[in-house]
Amino acid sequence: MTHGMALIAENWQLLLLGLRATINLAFVTLIASTILGVLLGTLATVRAWQVRWLIALYVEVFRDIPLIVTIFTIFFGAPYLGVPLEPFPAVALGLSLWGAANGAEIVRGGIQAIPDGQREAARALGLHAWKIYLLVLWPQALRNVLPAFTGLLALIVQSTSLGSLVGVTEFLKAGGLIIERSTVMQGINPAFEVYGFVLLVYFTICSVLTAFSRWLELRLVARGGAQTVRAPDTARL
Amino acid sequence: MSIFRRSLAAGAFLWFGIGAAEAQLPPLPATIRDAGVLRAGVRCDQPPYGFRGADGGFAGIEVEMARQMAVWAFGSADKIDLQCVTAENRIPQLNARRVDLLIATLGVTPERARVIDFSAAYRWGGSDLLVRRDSPIRTLDDVRSRTVIMLRGTTQALWFDANMPGLNSLRLNTASDALQALIQGRGEAYAHDAATLIVIAARDPSLRLVGEPFAVSDAAVGLRKNEPEWMAWVNAALNRMKAENLYNPWVEAAVPGDIRAPYSAAFNQPRPMAR
Amino acid sequence: MEFELDYLLRQWPALRSGLMVTIEVSALAIALSILVGLVGAGIRVMHVPVLSQIVVAYVEFIRNTPLLVQLFFVFFGLPAIGLTLSLFWSGVLALTLWAGAFQTENLRGGLASVGPGLREAGRALGLNRLQYLWLIGLPLAVRISLPSMLNTGVSLVKNSAYVSAIGLQDLTGVAFDRMASDFRAFEMLTVLLVGYLTLVLTLSASVRLLEHRLHAPFRR
């Protein structure tokens, strides 16, 4: 047990490197998911049913296919399409497409939670479609979806661990490398301590995000106004 | 002769020597030269070819080959970007352009030749089975009714799929996972390159090799398809390593004397026949 | 980029056995996770002193850590403390623990919806808390939570793909293994995309149908 702990302490630089990659990956994914998610979620509330149907199709596809399959498809498939993607961009793209699907659902829920009266009043005042969104719907919706997006960030941080399977040296992979070295070179297997440590670090980061998300929800509900949107259930990963 | 003159003479010798040697290798392709470093995929879990040294850095015979190529290409062994690859992801990493060549215990097989190009072979390698010392397994056929551990995407996986299709096989991702699985009793035999198993068996008296060679193949450098200039350079570099007898000192550095013979044979002697 | 159909047909036996493994692992894990959920929700609702806190910690831990790391811990880490499970059972255990946390929450929500009036009636009839749970509370809670429990089940089927990372030859595992040996990524990935979409959509549709039927008496 102590050998495992000592190994973790000795390799703090490698672990920190992995953690940085995890955080980088999570932020790139969050930004891409938010932008794309807001776009798609907004489009999911327009009157044209064809557009809404297309968005629903996208969301369904990317939430139903296992994330591991999405990432492998992009990583293994991209070279065949003539676009060689290195591991980090491939994982970022895969996670972003999935994150955007979840983001779109959140934003759609956020916009639809706003009472219809708002939209009607805006139209009565003579505002055009996109101005309605810009001035009336988005400011309210985006404030309401903040807790849900924070929850989504916790899920994104967790899903970056898939990068280890295609060669991104993120936090989980860093732990794996330590175990590998110790097993082959010294014959000792510290997997229990190292993976236990990895779990604890993820738990610390994500439970802070989850707690923040719950706090935001309480604060926004206390302020009144439209209902906040719940964070996507981890089960619907 | 004073030290100054001696070093001047030595410098002149080296200068002309390097100049003459450089003349032996064709020019580097522009894309490789522009990268400024040699981006090579190597194994990190397969002693003695590619593994992590005591200081945690890259070590092994194939790693030395990569470093030598960096010297010849860019003038210094430091102008190198080594990337750990596994049997499962090495070819995708090459095609994704994360690395420019693979010196990663890559066996020549027709399936792989469809998606990448192989250089001339620089050595051959056979396979073997690692079992616990008290195991009843004595021959290759003894494993037919048992669970065999192997790595995804290796020549052993291909061989067992072709020759023992109904076999119960446990397919993991790295040599350390496979070794752990064997020790934990999740499988009765671990099939991999003999070269790696010999080193592991030598280090662990509770394990032994079955010793019946099978799945012998050439090992070559892996390159992306349609890169003829790069292929020419790599082949010339491999020829030069052979001509200047560079493999032997690397083998001596990576492998202890009592088990050195098979490795020298792999580099210096022709490939034998086996199942 | 050619799509070789006869390659795919030759691989069909291996893929079909992979699909069987996916179904076996998922079915076992769903059943066991529901048991875990029943026990966990019961403990929470009865406010059992130490166990309640443990259940809360368990649920929080599972929801805030990646399933992949949980799986690696079960398969690679547990042997160090003497618990060496086979590949198959490691996968089942990890998926059960993961889904069990969500089933606990689903059932807890269901139990909370069972009106206080019923609890009082139970007490009036002389039932202690355990008897109330077993005879009235949990059966009703299961009916109320069935949709969310089944949705968790569908997610479990989808996330069972993770077991390929430890080498279990489920549908994803077989496909990745073939890809590593034969390099036919296009064919294999197509099978995976179509396979999982079909599985998940069919199961989701069945859940919605069941939900619809369950609501029938309340719609008149």
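This passage describes the domains of chain B, a small sheet in that chain, and the contacts that chains B and C make with chain A.

The model is predicted, and local features were accepted at pLDDT of at least 70 and side-chain atom pairs at pLDDT 80 or more, whereas totals for chains, interfaces and linings use all residues. Residues are numbered from 1 along each chain as its sequence is written, while chains are lettered from A and ligands numbered from 1 in the order in which they are written.

Chain B is divided into domain 1, comprising 3–125 + 217–268, and domain 2, comprising 126–216, with bounds that come from an automatic or database domain assignment. The C-alpha centres of domain 1 of chain B and domain 2 of chain B are 28 Å apart. Their contact involves 18 residues from domain 1 of chain B and 20 residues from domain 2 of chain B, where two residues are in contact if their C-beta atoms, placed from the backbone, lie within 7 Å. On the domain 1 side, at least two residues each are supplied by strand 2 (45–46), strand 7 (117–132) and helix 11 (261–268) of chain B; helices (H or I, at least four residues) and strands (E, at least two) are DSSP runs, numbered from the N terminus. Helix 11 of chain B provides the largest share of this side, three residues. By class, the same side of domain 1 of chain B holds nine nonpolar, seven polar and two charged residues, with Ala, Val, Leu, Ile, Met, Phe, Trp, Tyr, Cys and Pro counted as nonpolar, Asp, Glu, Lys and Arg as charged, and the others, Gly among them, as polar.

Chain B also contains an open sheet of three strands in the order 2-3-4, with antiparallel pairing, two strands being paired if DSSP finds at least two bridges between them. Strand 2 and strand 4 (58–59) of chain B are the edge strands, each pairing on one side only. Strand 3 (residues 50–52) of chain B is joined to strand 4 of chain B by two bridges in the antiparallel sense, and Arg52(B) has Phe58(B) in strand 4 as its bridge partner.

Between chain B and chain A, the contact takes 17 residues from chain B and 18 residues from chain A. Strand 3, helix 4 (90–95) and helix 7 (175–183) of chain B each supply at least two residues of the chain B side, and the largest share, four residues, comes from helix 7 of chain B. This side of chain B has five nonpolar, seven polar and five charged residues.

In the contact between chain C and chain A, 36 residues of chain C meet 34 residues of chain A. The largest share of the chain C side, nine residues, comes from helix 8 of chain C.
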